Amino acid sequence: MARKMWMRGTVAALSATALLALGACSSEQAPAAEGEETTSDDGGETEEAGDELISIGFSQVGAESGWRAANTKSIQDTLTADNGFDLSFSDAQQKQENQIQAIRSYIAQGVDVISFSPVVETGWGPVLEEAKAADIPVILTDRAVDTEDDTLYESFIGSDFVLEGEMAGEWAVEQYDGEGYQMVELQGTTGSAPAIDRKEGFADAIAGSDIEVIDSQTGNFTRTEGKQVMEGFLQKYDEIDLVFAHNDDMGLGAIEAIEAAGMTPGEDIKIITIDAVKDGMQALADGKINYIVECNPLLGPDLAEVAQKVVAGEEVEKRIVVEDKTFDQEAAVEALPSREY
Ligand code: GYE
């Protein structure tokens, strides 16, 4: 927490710092920045220092969830010309091949920094090697890649998804162990870090309890697919007591399916989700979801700071872990009025 606060504070001063740091960079930097307007309110910089923006290519996973919308907004609101950046942003529509294509085009453009949130964990070796060969630093945000070679990226900024799954599972055990609950799981996108890790963390936490996972399928992190998969579960099983959804959106889809089947979500069937975006928090406050583990999507400020340091040749941490909270109904009611996303 203290460290998050420190980072946020630092980013407020980013514009000035970025310009200062860039003063020390070579003029070959930031080819895409030529002719860009730079606004600087620090007044004391040399003319050259104010001329260049850090060009950054960002490949986003898609627009699958409320979390993703908040994450995109954070990145676009932070990596602005005012803060010293020239951002190229692309949406991969949850397809790895689109991300690889976007990264290749950023390499061809010769951007200063590439950042992306990998839709799945595996299959990144070749394109990361290409970025390395072109001397373009890569910063991972939100999701990890599965590689032994951590020289292929500068830093990975994001939550600990195993821990999120564990926190969700621990609460389930605390509340429901001893009841003989039958649980279904709505998994995130197959092969993605949050789906793999949240599943693992949750399973570890409920091991030894009498909560039985009777089925587990992917709903691809979307509300529509979460609803469809839940409809299938409700047809297939006579008794479902608990749903663990890897994100709020799939949990919200499950709520629709449960209500359509004439049952009361949060009572007849308990629901635990991850993310804590506004719609999820509202459902928790309304008693339709029982518990939410937060996943903070506001990664823009940390990304801006790390990108600025990398371009300035400063050391950065390989792993920056974003801390998450948990919410029950009471906590959601309290947090909602000031919730940013
Ligand atoms: O939980 C989900 C989104 O990678 C942490 O992706 C992110 C996950 C998030 O679609 O809502």
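## Exercises on rings and strands

Trp124 is buried, with a relative accessible area of 2% (buried means under 20%, exposed over 50%, partly exposed in between, with a 1.4 Å probe and protein chains only). The model is predicted: local features need pLDDT of at least 70, side-chain atom pairs count only at pLDDT 80 or more, and totals for chains, interfaces and linings use all residues. Residues are numbered from 1 along each chain as its sequence is written, and side-chain values use heavy atoms, without hydrogens and water.

**Exercise 1.** Classify the ring pair of Phe116 and Trp124.

*Solution.* Start with the rule: rings of Phe, Tyr and Trp (its six-membered ring) pair if their centres lie within 6.5 Å; planes under 30 degrees apart count as stacked, over 60 as edge-to-face and the rest as tilted. The rule gives seven aromatic pairs. For Phe116 and Trp124, the centres are 4.9 Å apart and the planes stand at 55°, a tilted pair. Phe116 is buried, at 0% relative accessible area.

**Exercise 2.** Classify the pair of Trp171 and Tyr291, then place both residues.

*Solution.* The centres lie 4.2 Å apart and the planes are at 0°, so the pair is stacked. Next, locate the partners: Trp171 is in helix H7 (residues 161-176) and Tyr291 in strand E10 (residues 291-294), so the pair ties together parts 120 residues apart in sequence. Helices (H or I, at least four residues) and strands (E, at least two) are DSSP runs, numbered from the N terminus. Both Trp171 and Tyr291 are buried. Finally, ring pairs link Trp171, Tyr176, Tyr181 and Tyr291 into a cluster.
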